[in-house]
Every structure is written in structure tokens, then in C-alpha cells.
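Biologist: I am new to reading models like this one. Please show it to me, then take me closely through one part.

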Amino acid sequence: MKLSSIIAALAFLPGCAFATYIYNDHYPSTLTTVKVEIEWFDSEVELNEMCWRIGLDSRNHYTGCSIKVKDIGYIYVVKPKDFNDHFRLEVLGHELYHMLGAYH
Ligand SMILES: [Zn+2]
């Protein structure tokens, strides 16, 4: 399989975030711009129903997820309470990083 085919296939894989997971394998961002649509959820229960719908493993619990369809990145996260909600803002950045081509 050509590298371009592998990259194209990966572009449609959903990204995900686990609360306290340490990632060992990193593949850096390959894009410099991306258009995104963000959907807030009020709870991780509602969020996980969306993450499972976009194809993530329903045996896992996610703190955020995203998927790229054509050139648009769709990010699903629980809405941060405010600027001090560093965890929720970190998850938002994690998913945005996926939409810019990074994966783990
Ligand atoms: Zn991730």
C-alpha cells in the first residue's frame, strides 16, 4: 500500500482521548490548517454515545473524540466550565491536534 493511501485511510479514522492515558507512539501533525465543527456535550455519558456512533470501541470510555470527513474535522467534547477547566480545554486541544493530522 502506498504511503498516500495509508494517510488517506487514516484521515477517516476517529481520534480519541482517554482521561489519564500516557501515549507512547506519536505521529506528528501533518497539516497547517483545518476547518472544524465542534459540538459540546453536557456529560461524558452523552459524549460517549456520540463517540461510539462514529465508530470508536463501545467497550471504552472517552473524554473526547473526533473524526474527519472530507476536509472537515468534527470534534466532540464535554463543554469546559470556564478558562480554569484545564482538563476539558486540554481534551479540546487533543482532538484538534488529531484533526490537524496527528495521531497515536
Ligand atoms: Zn487521541
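Over which residues does pLDDT stay under 50, and how many contacts beyond four places in sequence does the model have for them? After that, please take a close look at helix α2 (residues 44-53).

Modeller: This is a predicted model, in which local features need a pLDDT of at least 70, side-chain atom pairs count only at pLDDT 80 or more, and totals for chains, interfaces and linings use all residues. Residues are numbered from 1 along each chain as its sequence is written.

Your question comes before the helix. The stretch is residues 1-11, where pLDDT (the predictor's confidence in each residue, from 0 to 100) stays under 50. For these residues the model has three contacts beyond four places in sequence; a contact means two C-beta atoms, placed from the backbone, within 7 Å. Helix α1, residues 3-10, has the lowest mean pLDDT among the elements, at 39. Strand β2, residues 35-41, has the highest, at 98. The chain as a whole averages 86, and 83% of the residues score at least 70.

Now place α2 in the chain. There are three helices and four strands. Both kinds are DSSP runs numbered from the N terminus: helices are H or I with at least four residues, strands are E with at least two. Along the sequence the pattern reads α-β-β-α-β-β-α.

Look at the two sides of α2. L47, N48 and C51 are buried. A residue is buried if 20 or more other C-beta atoms, placed from the backbone, lie within 10 Å of its own; exposed means 12 or fewer, and partly exposed lies in between. These three residues are on the same side of α2, because they cover an arc of only 100° around the axis. The arc is taken from the directions that run from the helix axis to the C-beta atoms. V45 and E46 lie on the other side of α2 and are exposed. Just after the helix comes G55, with a positive phi of about 115°.

What does the buried side meet? The buried residues of α2 pack against β1 (15-17), β2, β3 (64-69) and β4 (72-78). These strands form an open sheet in the order β1-β3-β4-β2, with mixed pairing. Two strands pair if DSSP finds at least two bridges between them. The edge strands, β1 and β2, each pair on one side only. Neighbouring strands are turned by 15° against each other on average, direction ignored. Helix α2 packs on this sheet and makes about 150° with the direction of β4. Such angles run from 0 to 180 degrees between N-to-C directions, with axes fitted to C-alpha atoms, for helices over the stretch in contact.

Go through the strands under α2. β1 and β3 pair antiparallel over three bridges. C16 stands opposite C65 in β3, and the bridge partner of A17 is G64. β3 is mostly covered, with five of its six residues buried. Six bridges join β3 to β4, again antiparallel. V69 faces I72 in β4. The β3-β4 hairpin has two residues between the strands, and K70 takes a positive phi near 55° there.

α2 also takes part in a core. The largest nonpolar core has 14 residues; L47, C51, Y62, I75, Y76 and V77 touch the most other members. Such a core is a set of buried Ala, Val, Leu, Ile, Met, Phe, Trp, Tyr and Cys residues joined through C-beta atoms within 7 Å. β1, α2, β4 and α3 each supply at least two residues of this core. In soluble globular proteins, nonpolar side chains tend to be buried together.

Follow L47 of α2 outward. Leaving out residues up to four places away in sequence, L47 touches F41, Y62, Y76, V77 and V78.

Next comes I75, in strand β4. I75 counts as buried because 22 C-beta neighbours lie inside 10 Å. Beyond four places in sequence, its contacts are V36, I38, S66, L92, E95, L96 and M99. G15 is 60 residues away along the chain, yet the C-alpha atoms of G15 and I75 are separated by 9.0 Å. Helix α3, residues 86-99, lies across β1, β2, β3 and β4, at about 160° to β4.

Finally, step back to the whole chain. Of its 104 residues, 24% count as buried. Among contacts with a separation of 6 or more, 71% join residues 24 or more positions apart.
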